Amino acid sequence: MINRRLKELRIEKGATQRDFAKAIGVSQSVISNWEKGLNVPSILFLSEISQYFDVSVEYLLGITDECGNATGVSLDDLPPDEQQLLMLYRKVDLHDKEKILTALEVLASTKVK
């Protein structure tokens, strides 16, 4: 089930396997193998994938046919600056996302409350 959902979601998004792979920090061959059903994403990638496609993990796994979304919040509900941050964040690979989160944690911890 997940292999079909991944391919359908990727095509709906207009992304290539390479685009998808780069966004979540894996190789294009990994995406190809997932879509062919030769392998399945590890639990570590399910959150990344659900955020990339803005669907729930339950939808990816075939537990529900309701797409839902990963955050429960529509992008349109966010202020423009947060929309820009999210769109840029989604364009970087997993390694760079970790750097961004670390930097934000440092910045947030230095703010006086």
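A nonpolar core is a set of buried Ala, Val, Leu, Ile, Met, Phe, Trp, Tyr and Cys residues joined through side-chain atoms within 4.5 Å. The model shown here is a predicted one, and its largest nonpolar core has 19 residues. Among these, Leu-6, Phe-20, Ile-24, Ile-49 and Phe-53 touch the most other members. Two or more residues each come from helix 1, helix 2, helix 3, helix 4 and helix 5, the last of these being residues 57–61. Helix 4 gives the largest share, five residues.

Helix 2 is a useful place to look in more detail. This helix runs over residues 17–24, and its buried residues are Gln-17, Phe-20, Ala-21, Ala-23 and Ile-24. These five residues lie on the same side of helix 2, because the arc they cover around the axis is only 165°. A general point about helices helps here. An α-helix has 3.6 residues a turn, so residues three or four places apart point the same way. On the other side of helix 2 are Arg-18 and Lys-22, which are exposed.

What do the buried residues of helix 2 pack against? Their partners are helix 1 (2–13), helix 3 (28–36), helix 4 (43–53) and helix 7 (94–110). Ile-24 can be followed residue by residue. With neighbours within four places in sequence left aside, Ile-24 is in contact with Ile-31, Trp-34, Phe-45, Glu-48, Ile-49, Tyr-52 and Leu-94. After helix 2 comes Gly-25, which has a positive phi, near 80°.

Arg-10 is a residue of helix 1. Is Arg-10 buried or exposed? Its relative accessible area is 10%, and buried means under 20%, so Arg-10 counts as buried. A polar atom of the Arg-10 side chain lies 3.0 Å from the backbone oxygen of Ala-15. Beyond its neighbours within four places in sequence, Arg-10 is in contact with Ala-15, Thr-16, Gln-17, Phe-20, Glu-35 and Phe-53. Two of these contacts, Phe-20 and Phe-53, are also named among the core residues that touch the most other members.

The last stop is Met-87, found in helix 6, which spans residues 80–89. Met-87 has a relative accessible area of 39% and is therefore partly exposed, as this value falls between the 20% limit for buried and the 50% limit for exposed. Between Met-87 and Tyr-52 there are 10.0 Å in space, C-alpha to C-alpha, while in sequence the two are 35 residues apart. Tyr-52 has already appeared above, as one of the residues in contact with Ile-24.

Definitions and conventions
Residues are numbered from 1 along each chain as its sequence is written. This is a predicted model: local features need pLDDT of at least 70, side-chain atom pairs count only at pLDDT 80 or more; totals for chains, interfaces and linings use all residues. Side-chain values use heavy atoms; hydrogens and water are left out. Buried means under 20% relative accessible area, exposed over 50%, partly exposed in between (1.4 Å probe, protein chains only). Helices (H or I, at least four residues) and strands (E, at least two) are DSSP runs, numbered from the N terminus. The arc is that of the directions from the helix axis to the C-beta atoms. Contact means heavy atoms within 4.5 Å. A polar contact is a pair of N or O atoms within 3.5 Å; within protein, one must be able to donate a hydrogen and the other to accept it, and residues adjacent in sequence count only if both atoms are side-chain atoms.
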